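The exercises below are meant for a reader who is meeting this structure for the first time. Please look over the sequence and the model, and then try each task before reading its solution.

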Amino acid sequence: MIAGVKLSQFAGKSIYCNCDTEKSEIYKLAKANFKTWQLKSLVATGYVKDGKGVKVVYDGETETISQLEGDGSYDSAESTEILEHSDIVMTNPPFSKLGKFIPFVLERNKDFVIITNMMALMYKSTIKYSLAGKFNSCHRFSGGATFARPAGDIATVHCIAVTTLDVFDLCKRYPSKTLQQLIDENKIYKEDTDGTYEVKYARNLPIDYYGEIYCPTSILFSPYWRKQYEIVKMADKDITVNGKNRFYRILVKRKPV
């Protein structure tokens, strides 16, 4: 989830995993890299329904686990107090809470690296931050990421990792092609209703086309693409292309050179 983040930004910082316990993979990742990232401190707090939350503190040598007074929810008084004394939030929040979680962290001027459901970035509570470029993509789970739900079943969710930190621009890995090349390779389509072109991935936006084109919401989370395209409108999520439903699309147009 941090493959695209410039890791030098972690040096001397306090990381807070505010939806995690010592068993969480994200906490384990930060703990394993404590010295490599030159962290100042690492704290995790985990929610416990109808009980007392868990608090974990790691200083690079010793790990201490204790109980909180409250349930450990990310927005509880205890968790908020820890957040105020932290620099970077690194976690995988419950997707049902993302609409409130992202504004909660941003409004307290905290940096974050989080895994998020793509659709959560289009919620009314988060869309203003998405459109303003307040965070960038740092990792993309091609085809979706697999998660174990609390009930024990496995679900595949279309999500990405986003961050407020500086990132390596992942989109520069993909050289742009011409409209005709993409048509020949079946990587650009026409929307059934109005015949507007549509691409499944932002990396397939044609280099020589200046008309309107539908593309995925991921275009919002790359400074590389934001510099080149302007948003015409936020499109309906029920777009049908070649008889198949697509995820939420944005109608964009390349800016004049």
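**Exercise 1: Two salt bridges**

Lysine 31 is partly exposed, with a relative accessible area of 30%, where partly exposed means between buried (under 20% relative accessible area) and exposed (over 50%), with a 1.4 Å probe and protein chains only. The model is a predicted one, in which local features need pLDDT of at least 70 and side-chain atom pairs count only at pLDDT 80 or more, while totals for chains, interfaces and linings use all residues. Residues are numbered from 1 along each chain as its sequence is written, and side-chain values use heavy atoms, with hydrogens and water left out.

Task: find which side chain meets that of lysine 31 in a salt bridge, a salt bridge being a side-chain nitrogen of Lys or Arg within 4 Å of a carboxyl oxygen of Asp or Glu.

Solution, step by step:

1. The partner is glutamate 63, at 3.2 Å from N to O.
2. Lysine 31 belongs to helix H1 (residues 25-32) and glutamate 63 to strand E4 (residues 63-67), so the salt bridge ties together parts that are 32 residues apart in sequence; helices (H or I, at least four residues) and strands (E, at least two) are DSSP runs, numbered from the N terminus.
3. Glutamate 63 is also partly exposed, and its relative accessible area is 30%.
4. A second pair, glutamate 61 and lysine 35, meets in a salt bridge of 3.0 Å, N to O, and it links the loop between E3 and E4 with the loop between H1 and E2, 26 residues apart.
5. Glutamate 61 and lysine 35 are both exposed.

**Exercise 2: The buried side of H2**

Task: determine which residues of helix H2 (residues 77-84) are buried, and what they pack against.

Solution, step by step:

1. The buried residues are Ser79, Thr80, Ile82 and Leu83.
2. Around the axis they cover an arc of only 160°, which puts them on the same side of H2; the arc is that of the directions from the helix axis to the C-beta atoms.
3. They pack against strands E1 (14-17), E2 (41-46), E3 (54-58) and E5 (88-91), and against helix H3 (98-106), contact meaning heavy atoms within 4.5 Å.

**Exercise 3: The cover of H3**

Task: state how many of the nine residues of H3 are buried.

Solution, step by step:

1. Eight of the nine are buried, which leaves H3 mostly covered.
2. Among the buried residues are Phe101, Ile102 and Phe104.
3. Their cover includes H2, E5, strand E6 (111-117) and H4.
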